[in-house]
Amino acid sequence: MSKLAVRQDMPPKGGFQPIHWKRYAPKRTVPGHFIFSVVAGLGIYGFYKTRLLLFEQRCTWAHKNWTDCQLHPFIYAEDDRRLVRARKQHETDMKLILGEDNDWDVHRRTMKHEEVFVPYSAREVRLLLTDPERVALGGEPSRYSVNDMWCEYVRQKANHDDYQKDVYKRERHLE
C-alpha cells in the first residue's frame with residue numbers, strides 16, 4: 001500500500017469563496033406597530049362619528065318634540081273648528097228634519113235640572129243627512145260629505161295613534 005500515492009485534499013489556491021450565511025428574505029413592508037396604530041385610529045374615528053351621530057339624533061329628537069309641543073294648541077284648535085262645523089251642520093240637519101217651529105234643542109244637556117257643558121262627541125261629527133236628502137228637505141248641500149268628514153277624522157286619529165306609538169318606542173329605545 002505504500003506504493004499508492006496519496007493525494008491530500010486541500011483548499012484551492014486563493015481559498016474558497018465566502019459562505020453566504022446571511023438570510024436574504026424580502027424585507028417586510030408594513031411594520032406591526034403601524035398596522036396597530038391604523039386599526040386604533042380607525043376605531044377612534046368610528047367611535048367619534050358614532051357619538052356625533054347620536055348627538056345629532058338627540059338634538060333632532062328634542063327639536064321635533066319641542067315643535068310638536070308648540071303645535072299642539074293649533075292642532076287642537078283645528079280639531080275644535082272641525083267639530084264646530086260638524087255641530088252646526090248637525091243643527092241645520094235637525095232643523096230640516098224637525099221643522100223650523102220646533103223649539104227642542106238637540107244639544108242641550110242637563111244634569112239634575114242644571115245646564116251642563118258636554119264636549120262634542122264623535123257621534124256629532126257624523127252628519128245625519130246626505131246631500132240629496134238635505135236638498136230634498138229644502139236645505140243647501142253641505143261642504144262636507146258624510147264619508148269625507150268621518151274618514152278624515154278616523155285617518156287623523158289613526159295617524160296620531162301611530163305617531164304616539166312611535167314616540168313611545170323612541171323614548172324607551174325599543175326599536
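Here is a walk through the structure above, from its overall layout down to individual side chains.

Let's start with where the coordinates come from: this is a predicted model. Its average pLDDT is 77, and 68% of the residues score at least 70. Confidence varies along the chain, so it helps to keep the extremes in mind. Among the elements, α1 has the highest mean pLDDT, 88, while helix α2, covering residues 122-125, has the lowest at 58.

Now for the layout. The protein contains 4 helices and 2 strands. Reading from the N terminus, you meet a helix, then the two strands, then three more helices, in the order α-β-β-α-α-α. Helix α1 spans residues 32-98, and much of what follows takes place there.

How much of the protein is buried? Of the 175 residues, 12% are buried. The accessible surface comes to about 15,900 Å², and carbon and sulfur atoms contribute 60% of that area. As for how the chain meets itself, take the contacts with a separation of 6 or more: 57% of them join residues 24 or more positions apart.

One pair of residues gives a concrete feel for positions that are distant in sequence. Arg134 sits in helix α3, which covers residues 131-136. From Arg134 to Thr92 the sequence separation is 42 residues, and their C-alpha atoms are 9.4 Å apart in space. Is Arg134 buried or exposed? With a relative accessibility of 1%, Arg134 counts as buried, because the cut-off for that class is under 20%.

Next, the charged side chains. Side chains of opposite charge can pair when their charged atoms come close. The structure holds 2 salt bridges. In one of them, the side chains of Lys64 and Asp68 meet with an N to O distance of 3.5 Å. These two residues are 4 positions apart in helix α1, so about one helical turn separates them. The partners differ in their surroundings: Lys64 is partly exposed at 34% relative accessible area, whereas Asp68 is buried at 17%.

Further along helix α1 you will find Arg81 paired with Glu78 in a salt bridge, with 2.8 Å between the closest N and O atoms. Here the spacing is 3 residues, again about one turn of the helix. Both partners are partly exposed, Arg81 at 44% relative accessibility and Glu78 at 38%.

What about the nonpolar side of the surface? A patch of about 550 Å² is made by Val30, Phe34, Ile35, Val38, Val39 and Leu42. Phe34, one of these residues, is found in helix α1. Its relative accessible area is 47%, which makes Phe34 partly exposed. That value also fits the patch rule, because a member needs over 30% relative accessible area.

Finally, a look at the cysteines. A disulfide is a covalent bond between the sulfur atoms of two cysteines. How many disulfides does the model contain? The count is 0, with the rule asking for a pair of cysteine sulfur atoms within 2.5 Å. Cys59 is partly exposed, at 39% relative accessible area, while Cys69 is exposed, at 54%.

Note on methods: Residues numbered from 1 in each chain as written. Predicted model: local features only at pLDDT ≥ 70, side-chain atom pairs only at ≥ 80, totals over all residues. Heavy atoms only, no water. Buried < 20%, exposed > 50% of the residue type's maximum accessible area, 1.4 Å probe, protein only. Contact = heavy atoms within 4.5 Å. Areas by Shrake-Rupley, 256 points an atom, 1.4 Å probe, with all protein chains shown as cover. Salt bridge = Lys/Arg side-chain N within 4 Å of Asp/Glu carboxyl O. Patch = residues over 30% accessible without salt bridge, like charges linked within 9 Å, V, L, I, M, F, W, Y side chains within 5 Å. pLDDT = per-residue confidence, 0-100.
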